[in-house]
Each structure stands twice: as structure tokens, then as C-alpha cells.
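Please look through the sequence and the structure shown here before reading on. The paragraphs that follow lead from a single residue to the whole chain and then along its parts.

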Amino acid sequence: PGFLLWQTTVTWQRLIKKALDSYDVSHPQFVIMAVTLWLEEHHQDPTQVAIARLSKLDKMTVSKSLKTLSLQGYI
């Protein structure tokens, strides 16, 4: 079962990467945008701490990704 789960995960990650490549966005960056939207829709401030907590991404990844997304004009 573990090997099948690993194969499924690798396939899923490959498909996600293919879908996001044309936007020049990584999967963690996409998750950050989705979490930011969710927080805003639920009238919560999308702070770096809130995004890291909800997404389970580390604070450094969130910080660097937010900077990149800002430069790209996505947020």
C-alpha cells in the first residue's frame, strides 16, 4: 500500500506541476494563494503566520513565496 500511495503522490505532483508551469507558479505558491483567498473570504487577516499555520508550510517558504508572488503581480 505504501508504494502505491507513493506512486499516486508522484503522479499527482507531476500533474499539478504541469498545470501550474504555464503560470510560473509552484505548488506551494498556489497553496499560499488559495489559503490567502480562503482567509479573506472568512474575514480573517491573511498574515504570514496565518498562512503558514493553515497551509502547514514553513515560515521561510511562505515569506519567500509571498515576495515572489507579489513581484509577479499575483498578490
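Does Asp-21 count as buried, partly exposed or exposed, and what is its relative accessibility? In this predicted model, Asp-21 counts as partly exposed, because its relative accessibility is 44%. Its side chain meets that of Lys-17 in a salt bridge, with 3.2 Å from N to O, and the count of salt bridges comes to 1. Lys-17 and Asp-21 are 4 residues apart in helix H1, so about one helical turn separates them. Side chains of opposite charge can pair when their charged atoms come close.

With that residue in mind, the chain as a whole can be described. The protein chain has 4 helices and 0 strands, and from the N terminus on its elements run α-α-α-α. Along its principal axes, the C-alpha trace spans about 40 × 25 × 25 Å. Of the 75 residues of the protein chain, 20% count as buried, while the chain exposes about 5,800 Å², of which carbon and sulfur atoms supply 63%. Among the contacts between residues at least 6 apart in sequence, 39% join residues that are at least 24 apart. As for charge, the protein chain has 8 positive and 6 negative side chains, and the centres of these two sets lie 9 Å apart.

Helix H1, which covers residues 2-21, also holds a pair of aromatic residues. The count of aromatic pairs comes to 1, and it is formed by Phe-3 and Trp-6, whose rings are stacked at 5.8 Å centre to centre with 20° between the planes. Because Phe-3 and Trp-6 are 3 residues apart in helix H1, they are separated by about one helical turn. Phe-3 is exposed, and Trp-6 is exposed as well.

The loop between H1 and H2 contains Asp-24, a residue other than glycine whose phi has a positive value, near 55°. Most residues other than glycine have a negative phi, and most peptide bonds are trans. Asp-24 counts as exposed, because its relative accessible area is 56%. A second such value is found in the loop between H2 and helix H3 (48-55), which is the place of His-43. The phi of His-43 is positive and near 55°, and with a relative accessible area of 75% this residue is exposed.

Helix H2 covers residues 27-41, and His-27 is found in it. With 29% relative accessibility, His-27 counts as partly exposed. Leaving aside neighbours within four places in sequence, His-27 is in contact with Trp-12, Ile-16 and Leu-20. His-27 and Ser-63 are 36 residues apart in sequence, and their C-alpha atoms are 15 Å apart in space.

The last residue to consider here is Ser-65, whose place is in helix H4 (residues 59-72). How does its accessibility class follow from its relative accessible area, and what is that area? Buried means under 20% relative accessible area, and Ser-65 has 8%, so it counts as buried. Not counting residues up to four places away in sequence, Ser-65 touches Gln-29 and Ile-32. Helix H2 spans residues 27-41, and these contacts of Ser-65 with Gln-29 and Ile-32 therefore link helix H4 with helix H2.

Methods
Residues are numbered from 1 along each chain as its sequence is written. This is a predicted model: local features need pLDDT of at least 70, side-chain atom pairs count only at pLDDT 80 or more; totals for chains, interfaces and linings use all residues. Side-chain values use heavy atoms; hydrogens and water are left out. Helices (H or I, at least four residues) and strands (E, at least two) are DSSP runs, numbered from the N terminus. Buried means under 20% relative accessible area, exposed over 50%, partly exposed in between (1.4 Å probe, protein chains only). Contact means heavy atoms within 4.5 Å. Accessible areas come from the Shrake-Rupley method with a 1.4 Å probe; for residues, only the protein chains shown count as cover. Lys and Arg count as positive and Asp and Glu as negative; His and the chain ends are not counted. The place of a charge is taken as NZ of Lys, CZ of Arg, CG of Asp or CD of Glu. Rings of Phe, Tyr and Trp (its six-membered ring) pair if their centres lie within 6.5 Å; planes under 30 degrees apart count as stacked, over 60 as edge-to-face and the rest as tilted. A salt bridge is a side-chain nitrogen of Lys or Arg within 4 Å of a carboxyl oxygen of Asp or Glu.
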